[in-house]
Amino acid sequence: KTLVTASLVSGTAGVVPGKPFEVGVLLEMAPHWHTYWEYPGDAGLPTAITWSLPEGFVAGPIQWPFPDRVIEPGEIEVYAYKDKVLLLTAIVPPAKIAEKTVKLRAKVDWLVCEEICIPGSADLELSLPVANEATEANAELFSAFRKLLPAATPAPYQLAWTRNGNLLELSVN
């Protein structure tokens, strides 16, 4: 039985030289099984992606959608993904690309758990044509998981710490 199906998915139909684009590692878990968030909680390991990209291409960090809170046997609290998750990564191509097609490769390692945990991995590959303009691809999938990314908006209040001898006070305004 396959516990995790992994695939590499592009947010663009073609790579435009010098223009950043997004790719995602799509992990689809068997029912009742889960993989882990960047900060797994009391147990578990986050999914790791090791990129092998053409010369001049640079991959950014994984953008982690908000996870589910899961209580595992023994009251162990973890932050995990059930069903499926798209781990987004921005890739910046060089300003000039000689090839007509680029190959993106990623080695993905994960830990999938239900009552037991099983490590898994996959070597994924995606070929994309070099294009003059970007055309969106897999828009619905990318949009759904982009909505689950933490927002970089400031809090609607201000925090101020003050020290009074050995005491620290936090004011919330």
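In the predicted model, Cys-113 is buried, with a relative accessible area of 0%. This residue is joined to Cys-117 by a disulfide, in which the S to S distance is 2.0 Å. Cys-117, by contrast, is partly exposed, its relative accessible area being 41%. The value for Cys-117 falls between the limits of 20% for buried and 50% for exposed residues, and Cys-117 is therefore placed in the intermediate class. The torsion about the S-S bond of Cys-113 and Cys-117 is about 115°, so the disulfide is right-handed. The structure holds 1 disulfide.

Two threonine residues were examined with respect to burial and contacts. Thr-89 is situated in strand S8, which comprises residues 84-92. With a relative accessibility of 0%, Thr-89 counts as buried, because the threshold for this class is under 20%. When neighbours within four places in sequence are set aside, the contacts of Thr-89 are Phe-21, Glu-22, Val-23, Trp-51, Ala-59, Gly-60, Pro-61, Ile-62 and Gln-63.

Thr-47 is located in a loop, between strand S3 (34-41) and strand S4 (48-52). A relative accessible area of 4% is computed for Thr-47, which is therefore buried under the 20% cut-off. Beyond its neighbours within four places in sequence, Thr-47 is in contact with Leu-27, Thr-35, Tyr-36, Ile-62, Trp-64, Leu-87, Val-108, Asp-109 and Trp-110. Ile-62 thus appears among the contacts of Thr-47 and also among those of Thr-89. Val-23, a contact of Thr-89, is separated from Thr-47 by 24 residues in sequence and by 16 Å in space, C-alpha to C-alpha.

On the surface, a nonpolar patch is formed by Tyr-157, Leu-159, Trp-161, Leu-168, Leu-170 and Val-172. Together, these residues present about 660 Å² of accessible area. At least two residues of the patch are supplied by each of strand S11 (159-164) and strand S12 (167-172). The largest share, 3 residues, comes from S12. Trp-161, one of the patch residues, belongs to strand S11. Its relative accessible area is 57%, and Trp-161 is exposed because this value lies over the 50% limit.

Note on methods
Residues are numbered from 1 along each chain as its sequence is written. This is a predicted model: local features need pLDDT of at least 70, side-chain atom pairs count only at pLDDT 80 or more; totals for chains, interfaces and linings use all residues. Side-chain values use heavy atoms; hydrogens and water are left out. Patches are made of residues with over 30% relative accessible area and no salt bridge: like charges are joined within 9 Å, nonpolar side chains (Val, Leu, Ile, Met, Phe, Trp, Tyr) within 5 Å. Accessible areas come from the Shrake-Rupley method with a 1.4 Å probe; for residues, only the protein chains shown count as cover. A salt bridge is a side-chain nitrogen of Lys or Arg within 4 Å of a carboxyl oxygen of Asp or Glu. Helices (H or I, at least four residues) and strands (E, at least two) are DSSP runs, numbered from the N terminus. Buried means under 20% relative accessible area, exposed over 50%, partly exposed in between (1.4 Å probe, protein chains only). Contact means heavy atoms within 4.5 Å. A disulfide is a pair of cysteine sulfur atoms within 2.5 Å.
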